[in-house]
Amino acid sequence: LTGAVSSVSAEDIVRTPVNNIAEAISGKLAGVQVLTTDGAPDADTLKAAATKRRDDAVAAKKEADAKAARTITTADYTLELPSYWDGRVTVKYEGDSVVVYSKNYPKREICSIFVDTQGDGPMGDIGTSQMGYASLSNGRYAHVWCDRYSFIIAYANITNSTNPDDYYTYDEARELVDLQTGGAVHYDDVLAAMKDNDADANDLIFAQDTFFQNNIVSQIKAK
C-alpha cells in the first residue's frame with residue numbers, strides 16, 4: 001500500500017444531517033472530492049434531446065428542400081405550388097410560360113400559365129377555362145388555364161365516347177381530379193352526380209376553380 005487510507009465512521013455519517021451519502025462524506029476524507037449529479041439529466045434524457053435536435057434539423061431541411069422544389073421562378077413572377085402536389089407533379093418552363101403535368105400521367109396537363117399584356121380575355125368553356133389571372137409589372141398579366149378533367153372524363157364516360165382522346169383509365173381520372181381540387185372532390189362523386197343530373201354536379205365540377213384561385217392565381221407574385 002503506497003498511500004494513506006481515509007475513513008469515515010458510521011457514527012459521523014449518522015450525526016450529519018444530509019440528503020444522501022455523498023453529502024455525508026463530503027469534506028471528511030482528505031484528498032477526496034465528492035461530486036453529485038442531483039438535478040442533472042441522465043444519459044437517456046441527453047440522448048433523447050440529441051435525437052430530437054437531429055430529427056428537427058432533418059425535418060427542417062426536408063421542408064426547405066420541398067419548398068424549393070415547389071417554387072416556380074420566371075423572369076416576371078414567382079409561384080409556390082401547393083404542398084398537396086409535392087412529389088406528384090412536374091414542371092416544364094418555356095420562357096414565362098409554365099406547364100404543370102401529372103407525374104404519374106406525364107401527358108396530362110394539370111394547368112398552364114402564360115404571360116401577356118391583356119388582363120381581360122376569353123374565359124373558355126366548361127371543358128377548358130381560365131381560372132384567373134394575376135397582375136404583374138409593366139402592364140403584364142399571368143393567366144392560369146386548366147382542363148376540367150372532372151367534367152371531361154365523366155362526360156366521355158356517360159356519352160360512351162369513342163374518341164381516343166377521351167380515353168382515361170379509372171386511376172388516371174381519380175388522380176387528375178384529386179390534383180386539380182386539392183383532394184376536395186372525388187371523380188366517383190362527379191360521375192354519379194352527372195349521371196343523376198344532380199344539382200350538386202356543378203358545385204363538384206367547379207370546385208377546382210376555387211382551389212386554383214386560392215392556391216395558384218393568388219400565389220403568383222410579381223417580381
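**Strand β2 and its partners**

In this predicted model, Y77 stands opposite A222 in strand β8.

Me: What makes β2 and β8 count as paired strands?
Reply: Pairing takes at least two bridges between two strands. β2 and β8 (residues 221–222) have two bridges, in the antiparallel sense, so they qualify as a pair.

Me: And why is β1 said to pair with β2?
Reply: Same kind of check: the cut-off is at least two bridges. β1 (residues 71–73) and β2 share three bridges, again antiparallel, so that's a pair too. One of the bridge partners to look for is E80 in β2, which goes with T71.

Me: What joins β1 to β2?
Reply: A hairpin does, running through three residues.

Me: Why is residues 77–80 called a strand?
Reply: A strand is a DSSP run of E with at least two residues. β2 covers residues 77–80, so its length passes that cut-off.

Me: Which β2 side chains are buried, and which are not?
Reply: Y77 and L79 point to one face and are buried, while T78 and E80 point to the other and are not. Buried means under 20% relative accessible area, so Y77 and L79 fall under that value, and T78 and E80 don't.

Me: Why do the side chains swap faces like that?
Reply: Because in a regular strand the side chains alternate between the two faces of the sheet.

Me: How much of the whole protein is buried?
Reply: Buried residues make up 33% of the 223 residues. The protein as a whole has eight helices and eight strands.

Methods. Residues numbered from 1 in each chain as written. Predicted model: local features only at pLDDT ≥ 70, side-chain atom pairs only at ≥ 80, totals over all residues. Heavy atoms only, no water. Helix = DSSP H or I, 4+ residues; strand = E, 2+ residues; numbered from the N terminus. Buried < 20%, exposed > 50% of the residue type's maximum accessible area, 1.4 Å probe, protein only.
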